[in-house]
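Please take some time with the sequence and the structure shown here, and keep both in view while reading the paragraphs that follow.

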Amino acid sequence: MGTRSLTKVIETYTGEDGKTTKRETLTCMYRQFDGYLRGHGLELAEWLQKYTIVNGIQSDEERVIANGMDCLAAQMFAHFKDGPGGIYCYPPDSKDCGEEYLYEIENGNENILITVYDTWTNREVFHGTPQELIEEVEGVEA
């Protein structure tokens with residue numbers, strides 16, 4: 001039996017009042033196996049660490065970019081999906097799908113942020129940048 005996980009891409013922005021932070025879940029990716037931190041968590045963080053979120057594409061762009069969080073979500077599916085099975089596109093509000101881990105990817109002020117929840121113990125196990133997740137996972141004994 002695999003370790004299932006959900007990965008949600010969330011757009012965060014300031015509300016019309018200029019103070020309230022709004023969150024909109026754009027999509028949810030279900031992964032049938034390897035959903036634990038050393039598996040999917042590490043693979044996700046290594047993939048995300050190279051990205052910069054931009055608003056508009058410049059012709060001389062040299063960085064690896066995503067033109068907003070919705071562009072990043074599409075690129076995430078393109079990266080992880082390599083054939084039938086394994087990875088599925090679920091509705092944004094999906095939960096209780098047998099997942100052991102929930103990954104939330106958000107656009108922070110300057111960085112992409114990842115929050116990881118262990119859904120079986122109902123606790124947050126990580127919050128930070130992709131690089132910080134890599135450092136934490138690689139520092140943990142297998």
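In this predicted model, a good place to begin is a single polar contact, in which the side chain of Thr7 meets the side chain of His40 at 2.8 Å. Thr7 belongs to strand S1, which covers residues 5–14, and because its relative accessibility is 0%, below the 20% limit, Thr7 counts as buried. Setting aside the neighbours within four places in sequence, the residues in contact with Thr7 include Met29, Leu44 and Met76, as well as Tyr103 and Ile105.

Those last two residues lead to strand S6, since Tyr103 and Ile105 both point one way from S6, together with Tyr101 and Asn107. Leu102, Glu104 and Glu106 point the other way from the strand, and the residues of both groups are buried. Strand S6 spans residues 101–107 and is mostly covered, with 7 of its 7 residues buried.

Strand S6 also has partners. With S1 it pairs in the parallel sense over 6 bridges, and within this pairing Ile10 has Glu106 as its bridge partner in S6. With strand S7, residues 112–118, S6 runs antiparallel and is joined by 7 bridges, while a hairpin of 4 residues connects S6 to S7. Across this second pairing, Glu104 stands opposite Thr115 in S7.

Side chains of opposite charge can pair when their charged atoms come close. In this model the count of salt bridges comes to 3. One of them joins Glu104 to Arg23, with the closest N and O atoms 3.1 Å apart, and this pair links distant parts of the chain, as Glu104 is in strand S6 and Arg23 is in strand S2 (residues 21–31), 81 residues apart. Glu106 likewise forms a salt bridge with Arg23, with its closest N and O atoms 3.1 Å apart; because Glu106 lies in strand S6 and Arg23 in strand S2, this pair ties together parts that are 83 residues apart in sequence. Arg23, Glu104 and Glu106 are thus linked in a network of salt bridges.

How buried or exposed are these three partners? Glu104, at 11% relative accessible area, is buried, and Glu106, at 14%, is buried as well, whereas Arg23, at 47%, counts as partly exposed.

Another salt bridge is formed by Arg31 and Glu43, whose closest N and O atoms are 3.3 Å apart. Here strand S2, which holds Arg31, is linked to helix H1 (residues 37–48), which holds Glu43, and the two residues are 12 residues apart. Arg31 counts as buried at 7% relative accessibility, while Glu43, at 30%, counts as partly exposed.

Notes:
Residues numbered from 1 in each chain as written. Predicted model: local features only at pLDDT ≥ 70, side-chain atom pairs only at ≥ 80, totals over all residues. Heavy atoms only, no water. Buried < 20%, exposed > 50% of the residue type's maximum accessible area, 1.4 Å probe, protein only. Polar contact = N/O pair within 3.5 Å; in protein donor to acceptor, adjacent residues only side chain to side chain. Contact = heavy atoms within 4.5 Å. Pairing = 2+ DSSP bridges. Salt bridge = Lys/Arg side-chain N within 4 Å of Asp/Glu carboxyl O.
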